[in-house]
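Trainee: Hi! Could you walk me through this structure? I'd like to begin with the space inside.

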Amino acid sequence: MRFRRRCSASIPAFLLAFAGVAALLSVAAVPASAQSDIYTVRGVPVDETAGTAAEARQAAISAGHQAAFVRLVDRLVPKAQQGSVPVLGPGLVEFYVLDFSVNNERTSAVRYLAELNFRFNPQEVRTLLRNSGVGFAETRSKPLVVLPVFGAEGEAPRLWREPNPWRGAWAQRGPDEGLVPVRVPLGDLSDVASVDAARALAGDATALGAIAANYGASAVLVAHATLRGDPALGGARLDIVISRYEQGRRLTTTRDAVTQQDGEAGAGFFARAAGGVDAAVQEAWKQQNVLQFGNRRSIAVFVPLTGLSDWLTVKQRLGGVAAIQAVDVNTLTRNEAKMEISFVGDEGRLTRALAQRDLFLSLREDSNWELTLTGRPAGGAGSIQPPPDRSLAPDQPPPPGQPPGSDPLLPPETQ
């Protein structure tokens, strides 16, 4: 993305007095921190044995490069398209890596163990995927708080009270790998005071809003798991109801059942079930935010301003939106900026991506687009609300007893 001035005549002297033209009108395509975060793969474990320690180290680093690339592809590319990503053999994947670092290195005469961190080259990876006809997403969601409510068959559901192996499985998951950062509450006094199992299952807007605020999240996922059978005896089953809430509204509800595999320990059973829910959230987000490079368009946008700080904030946040290709500033006054935003995709996807950067795009009553920092449209009653963030697949089969085509967003007490 580039951010450029189209006409300098409309830029008032009072703004130039605070900062130079370059500082006002130019910004990096995407902030280095944003790109680095998405295209960095951390904590890749390697363990190789060879004739010497040096040979083992070289083999481990080569294997780490390939494992990291697989994880990067899984982060960015929807499952259905991952098979179209070229397989990069040893010596080739290194071309797409900017650098790597080593943690927890241990060696013996013939063995090498470590954890490796890789920074991939965003431009080269994008080129590889686009030339291969592979769709991918780069928009990172705001954090999502997961409330793992658990109950064995015939027992009252619980959230903070032990034993809750379902919450334990979520708490023990590794660092965020996907584009949707998942936050599992600590269960401290603030969390306990904010929400309990009953209010979570009822979709209490105040309680869910409080727990979301505790973790700077935009949405809450209530993951209610009911255990059937005994994992210690084998053959147990988890019936899972997953409801996503945002701004006091339930957006989606899906159901799933996970059966314990032969010889699978109880902890592994719960961990696999939690991983499946997380994977579904990540997959839905990727599908909804795939960059549509074949669909490029532009819109004129008005930005109301209260001062220089508003303008600098808008400029900085726009720089982190992957779908935006260019921003041309037409006019800049004390109270308003007018710009043209060129982007890939459609207005709905752009609106959703901007919302993750705390920018609100809406259509005013006069049919002009407006971009605000407040999270609320300034255009009055005629403003268009952004599309809901449905980070669980919308094409899930209807719950038992719900006919196809019926509204899945019923009040909690009706389901």
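Trainee: Which residues line the largest cavity?
Mentor: Keep in mind that this is a predicted model. The lining of the largest cavity is made up of Thr139, Asn289, Val290, Leu291, Gln292, Ala323, Val344, Gly345, Arg349 and Ala353.
Trainee: How does that lining divide by class, and how much space lies in there?
Mentor: There are five nonpolar residues, four polar and one charged. The space in the largest cavity is about 70 Å³.
Trainee: And how many cavities of 30 Å³ or more are there?
Mentor: The count is one.

Trainee: Okay, on to pockets. What volume does the second largest pocket have?
Mentor: About 470 Å³. It has 20 lining residues, and Arg173, Glu177, Gly178, Asp278 and Gln282 are the closest to its centre.
Trainee: Which elements give two or more residues to that lining?
Mentor: Those are α4, residues 53-76, and α11, residues 266-288. The largest share comes from α11, with six residues.
Trainee: What about the classes in the lining of this pocket?
Mentor: The lining of the second largest pocket has 10 charged residues, along with six nonpolar and four polar ones.

Trainee: New topic: where is threonine 40?
Mentor: Threonine 40 is in strand β2, which covers residues 40-49.
Trainee: Is threonine 40 buried or exposed, and why?
Mentor: Threonine 40 counts as buried because its relative accessible area is 5%, and the cut-off for buried is under 20%.
Trainee: Which residues does threonine 40 touch?
Mentor: Leaving out residues up to four places away in sequence, threonine 40 touches Arg75, Phe118 and Arg119.
Trainee: Thanks, that helps!

Notes: Residues are numbered from 1 along each chain as its sequence is written. This is a predicted model: local features need pLDDT of at least 70, side-chain atom pairs count only at pLDDT 80 or more; totals for chains, interfaces and linings use all residues. Side-chain values use heavy atoms; hydrogens and water are left out. On a 1 Å grid over the protein atoms alone, a cavity is a set of points where a 1.4 Å probe fits but cannot get out, and a pocket is an open set with protein on both sides within 12 Å along at least five of seven lines; lining residues have an atom within 4 Å of a point. Grid points are joined across faces, edges and corners, and a volume is the space filled by probe spheres set on the points. Helices (H or I, at least four residues) and strands (E, at least two) are DSSP runs, numbered from the N terminus. Ala, Val, Leu, Ile, Met, Phe, Trp, Tyr, Cys and Pro count as nonpolar, Asp, Glu, Lys and Arg as charged, and the others, Gly among them, as polar. Buried means under 20% relative accessible area, exposed over 50%, partly exposed in between (1.4 Å probe, protein chains only). Contact means heavy atoms within 4.5 Å.
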